[in-house]
Amino acid sequence: MTSSSTSTVPTVTLRSGDARVAMPQLGFGVWRVPDEQAAPAVSTALQTGYRSIDTAASYGNEAGVGRAIAESEVPRSEIFLTTKVWNDKQGYDRTLQAFDDSLAALGDVAPIDLYLVHWPAPAQDLFVDTYRALMKLRNDGRIRAAGVCNFRVEDLRRLHDELGEYPALNQIELHPYLQQRELREFHAEHGIMTEAWSPLGQGGELLEDATVGRIADRYTRSAAQVVLRWHLQSGHVVIPKSVTPSRIAQNFRVFDFELDDDAMSALDGLDRGTRLGPDPAQFG
Ligand code: A2P
């Protein structure tokens, strides 16, 4: 397989202090991919045309991701790389140390394009200091943009009240069965980009859903492709995970068709408000 030299993925714009940073709207996620599988999966993704990779210290696969980037024909400057600080490393000094540890695992990839606070972990009450460390890393040019994951409206408001800014992006569990409308509206009001984790509902019931299946048949596409289109047309950044080369390729072929209003409305109607992952109010 040869690497594609130009990527067909549209970009969104992240706010980063006074600057702006372009981010591919479709990326490749490696949650739950063991380190030894991460390098081949990321290599396949880069060869397929993905130019955004989402990892985290807690995934234990930053080394594999870094190896795939180092060995790829795609220049580092063309790859948008995201990683995250884990809950047990929150706090100002510990976060700066955790960032150095992530860079040591990832290898020669500095600066990191997007660094995220992985959970608000409200019981620890450290996320404001943690985000302050991200602002320092951004001011020092070590990361290009600072963001968060799993933050609730009240957490976002608190960051703004105490630090004077909203994060560039909030990565949240988001799929047609969990649409998080209130949070997405808050993001839109305040210029926070919405990024979806588990965008395919972790490959479970959602991909067997009758409504999704009916739309997939109508467009002669797979259920996963229909769900990814719903995300893209809803304006989300999306990072499907797969270790299966045919699915990695399939999930990338989503820029040559468009869902009509009827299909989008039907998918909008699937919200159940149920999480697959932890509740941010309790976790960490
Ligand atoms: P696998 O990695 O074995 O290919 P999410 O991104 O929502 O967390 O979903 C990831 C899950 O969905 C993984 O179990 C992955 O399986 C599966 N998956 C990814 N892409 C597809 C696809 N195109 N069709 C069916 N299942 C998929």
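By class, six nonpolar, three polar and four charged residues make up the lining of the second largest pocket (Ala, Val, Leu, Ile, Met, Phe, Trp, Tyr, Cys and Pro count as nonpolar, Asp, Glu, Lys and Arg as charged, and the others, Gly among them, as polar). This is a predicted model, where local features need pLDDT of at least 70, side-chain atom pairs count only at pLDDT 80 or more, and totals for chains, interfaces and linings use all residues. Residues are numbered from 1 along each chain as its sequence is written, and side-chain values use heavy atoms, with hydrogens and water left out.

A pocket is an open set of points on a 1 Å grid over the protein atoms alone, where a 1.4 Å probe fits, with protein on both sides within 12 Å along at least five of seven lines; lining residues have an atom within 4 Å of a point. Grid points are joined across faces, edges and corners, and a volume is the space filled by probe spheres set on the points.

Here are the two pockets together.

| Pocket | Volume | Lining | Nearest the centre |
|---|---|---|---|
| Largest | about 740 Å³ | 35 residues | W31, S198, P199, Q202 and K241 |
| Second largest | about 160 Å³ | 13 residues | T11, A22, P24, E78 and F80 |

Helix α9 (residues 245-252) gives the most to the lining of the largest pocket, three residues, while strand β2 (residues 19-24) does so for the second largest pocket, also with three. Helices (H or I, at least four residues) and strands (E, at least two) are DSSP runs, numbered from the N terminus.

Now to A133, which sits in helix α4 (residues 127-139). A133 is buried (under 20% relative accessible area, 1.4 Å probe, protein chains only), at 0%. Beyond its neighbours within four places in sequence, A133 is in contact (heavy atoms within 4.5 Å) with Y92, T95 and L96.

Notes: Buried means under 20% relative accessible area, exposed over 50%, partly exposed in between (1.4 Å probe, protein chains only).
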